[in-house]
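Reader: I have a chain in front of me and a few labels I would like explained. Could you walk me through how each one is earned?

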Amino acid sequence: MAVISNRLNVVVEGMMNTVFRSSRSGVLNSAHDFSCCIVSADHRLVMGAESLPIHMMSGPDLISRAILDVYPEMRRGDAFLHNSPYNGNSHAADHAMLVPIVDDDGVHRFSVLAKAHQADCGNSQPTTYLASARDVYEEGALLFDACRVQADYQDNDDILRMLRLRVRVPDQWWGDYLALLGAVRLGERRMTELGRELGWDVLDEFVGEWLTYSETLMRAAISKLPAGRLTVTTRHDPFPGIPDGLDLKIDIDVRPETEEIHVDLTENADCLPNGLNLTESTAATAAMIGVFNSVGEGVPPNAGSLRRVGVKLRENCAVGIPSHPHSCSAATTNLADRVANAVQRGLAQLGEGMGLAECGAVIPAAAAVVSGTDPRAGDRPFVNQIFLAVTGGAATPWTDAWLTIFHVGCAGMLRRDSVEIAEMTHPIRVHRQRLVPDTEGAGRYRGAPSAEVEYGPVDTSMTVAYGADGAVHPALGARGGLAGGLTRHLRRDASGDLTELPSQGLVELRDGERIVSITAGGGGYGPPVEREPARVREDVREGWITAGRARDVYGVALCEDLSIDEAATALLRGAAASSSSER
């Protein structure tokens with residue numbers, strides 16, 4: 001089983017490398033916002049390599065089923081483009097390409113799928129996260145539902161002409177399309193070779209054993225958890241369509257005796273008049289991410305382990321199954337992050353050593369979609385999502401936060417742009433990237449601090465599109481840990497003066513102007529006064545926190561040479577313990 005699982009993993013890694021090495025947009029070849037996997041003929045997720053969880057835990061199974069419903073006879077040489085948020089996909093910006101693996105006798109054995117976030121998906125505005133869109137028509141994305149773009153390895157030119165006319169950067173899109181197609185065709189070739197080498201019946205037998213093995217690991221992990229039923233609430237910031245914000249309620253039922261975890265999202269608001277609505281796949285996946293983040297490492301995320309997690313959804317729900325024509329433009333981030341974070345924070349309530357704190361919210365202008373014309377290339381249009389410094393990591397029961405998690409849904413798989421490459425690729429200059437002291441979620445283990453990013457156009461104007469949660473409601477800590485820093489956005493005009501900007505929108509920057517993006521910090525785990533004084537001193541020495549925060553929040557007094565004042569520290573922590581017991 002280990003040999004074959006590694007062989008399948010190599011297939012998926014080859015697909016991933018194909019997208020990375022041959023795509024044209026920075027969102028793919030720099031930030032890695034894509035995922036690849038293998039799905040069984042009966043729609044079970046088998047292998048996902050180092051893919052983004054929000055893309056993979058649920059979605060490939062639903063897409064595989066949706067395509068088979070339309071094309072019940074899978075044929076070698078077919079390729080299908082699918083991005084429908086109403087029929088299994090994550091959101092319209094993620095183009096999924098599926099190719100069936102058909103043996104020499106014409107039997108459909110597996111499918112390979114590659115999903116890639118598009119720099120431009122044809123939205124009415126130059127962003128793939130149009131959170132203000134009141135419905136799918138205002139969003140404007142081209143939707144493809146089980147669309148056969150190749151038959152007998154030949155392109156459907158009608159579809160490709162339609163895409164070229166709709167996207168703002170057709171040559172860039174065409175390169176990314178070929179990269180996506182190349183990835184699934186590579187996966188098809190490798191899987192066909194493997195089936196011929198080992199025998200298709202051997203591979204079928206492996207899938208059954210592999211998924212059972214993964215389920216066994218998940219059962220063992222859940223059996224070690226305390227039993228409990230709890231309700232967790234969280235709140236999204238005010239946004240267009242939800243001027244007062246949005247409360248979410250998540251019911252969690254941990255059943256170690258039957259080795260199951262159930263998450264119920266049904267008691268929440270109906271679909272919203274904006275682009276924050278989750279899709280069926282992202283709603284289920286968000287809950288699963290919170291669970292997997294809480295059960296420890298070593299459990300493969302596939303159809304076997306996922307069998308032990310039940311997620312209850314309802315139709316026409318903002319965090320459930322969307323109804324047409326509600327927009328799901330930001331379905332991979334804002335509300336999905338709120339659900340995943342609430343689940344892992346909720347599971348931390350079961351006992352010490354459980355769960356996680358919350359990761360910081362996205363999407364700030366540090367990871368905005370930027371667009372305009374490039375004077376260095378004859379005013380050629382450009383559209384791309386940049387990925388500058390975004391932190392947001394949550395503290396765990398054992399460690400300080402992973403600094404650059406970006407957001408809970410990607411699990412740190414996205415990569416930060418090189419400043420030099422970003423400036424070469426776009427007419428922008430990055431003036432500042434730094435961590436902001438005293439913005440970490442304080443705790444026995446601390447969350448990631450906020451990052452400050454400042455950039456602007458050079459010799460041109462530029463549109464910056466972003467939609468950040470976390471300016472009002474921060475990432476919360478767990479088990480006595482404190483919240484992370486809030487997001488904030490400002491415009492710096494040509495004279496250097498700063499004015500506040502809203503948390504979401506399309507901001508037009510003129511030459512000489514800049515946008516300042518302060519990203520969300522992550523929550524802490526455990527009471528700050530339980531952090532080892534030596535660690536607090538090191539945090540001050542390295543600039544994560546100031547000496548004042550060490551004293552006031554962590555209860556650690558430092559001398560001028562940064563040595564620990566043991567007597568003063570004991571008094572501070574004693575007073576904190578007394579205050580806590582009184583509460």
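Reader: Why is D104 called exposed?

Author: Exposed means a relative accessible area over 50%, buried means under 20%, and partly exposed lies in between, with a 1.4 Å probe and protein chains only. D104 has a relative accessible area of 53%, so it counts as exposed. A word on the source: this is a predicted model, where local features need pLDDT of at least 70 and side-chain atom pairs count only at pLDDT 80 or more, while totals for chains, interfaces and linings use all residues. Residues are numbered from 1 along each chain as its sequence is written, and side-chain values use heavy atoms, with hydrogens and water left out.

Reader: What makes D104 and R196 a salt bridge?

Author: The label asks for a side-chain nitrogen of Lys or Arg within 4 Å of a carboxyl oxygen of Asp or Glu. For D104 and R196 the N to O distance is 2.8 Å, so the pair meets that definition. D104 sits in the loop between β4 (94-102) and β5 (108-117), and R196 belongs to helix α7 (residues 170-198), 92 residues apart. Helices (H or I, at least four residues) and strands (E, at least two) are DSSP runs, numbered from the N terminus.

Reader: How do you know that R492 and E454 form a salt bridge, and which parts does the pair tie together?

Author: Their closest N and O atoms are 2.5 Å apart, so the salt-bridge cut-off is met. R492 lies in strand β17 (residues 488-492) and E454 in strand β15 (residues 451-457), so the link joins parts 38 residues apart in sequence. Both R492 and E454 are buried.

Reader: Are D552 and R551 buried or exposed?

Author: D552 has 58% relative accessibility and is therefore exposed. R551, with a relative accessible area of 42%, is partly exposed. Their side chains meet in a salt bridge, at 3.1 Å from N to O.

Reader: How many salt bridges does the structure hold, and which residues are linked in a network?

Author: There are 48 salt bridges. D400, R446, R531, E532, R535 and D539 are linked in a network of them.

Reader: Why are C36 and C37 not called a disulfide?

Author: A disulfide needs a pair of cysteine sulfur atoms within 2.5 Å. The sulfur of C36 has its closest cysteine sulfur in C37, at 7.7 Å, so the distance is too far for a bond. C36 has a relative accessible area of 0% and is therefore buried.

Reader: What about C271?

Author: Its closest cysteine sulfur is in C328, 6.6 Å away, which is also too far for a bond. C271 is buried too, because its relative accessibility is 10%. Across the whole structure, the search finds 0 disulfides.

Reader: What is the phi of H32, and why is H32 called buried?

Author: H32 has a phi near 70 degrees, a positive value in a residue other than glycine. H32 lies in the loop between α2 (26-29) and β1 (34-40). Its relative accessibility is 11%, so H32 counts as buried.

Reader: And what makes D379 partly exposed?

Author: Its relative accessibility of 47% falls between the two cut-offs, so partly exposed is the label. D379 also has a positive phi, about 60 degrees, although it is not a glycine. Look for D379 in the loop between β12 and β13 (380-385).
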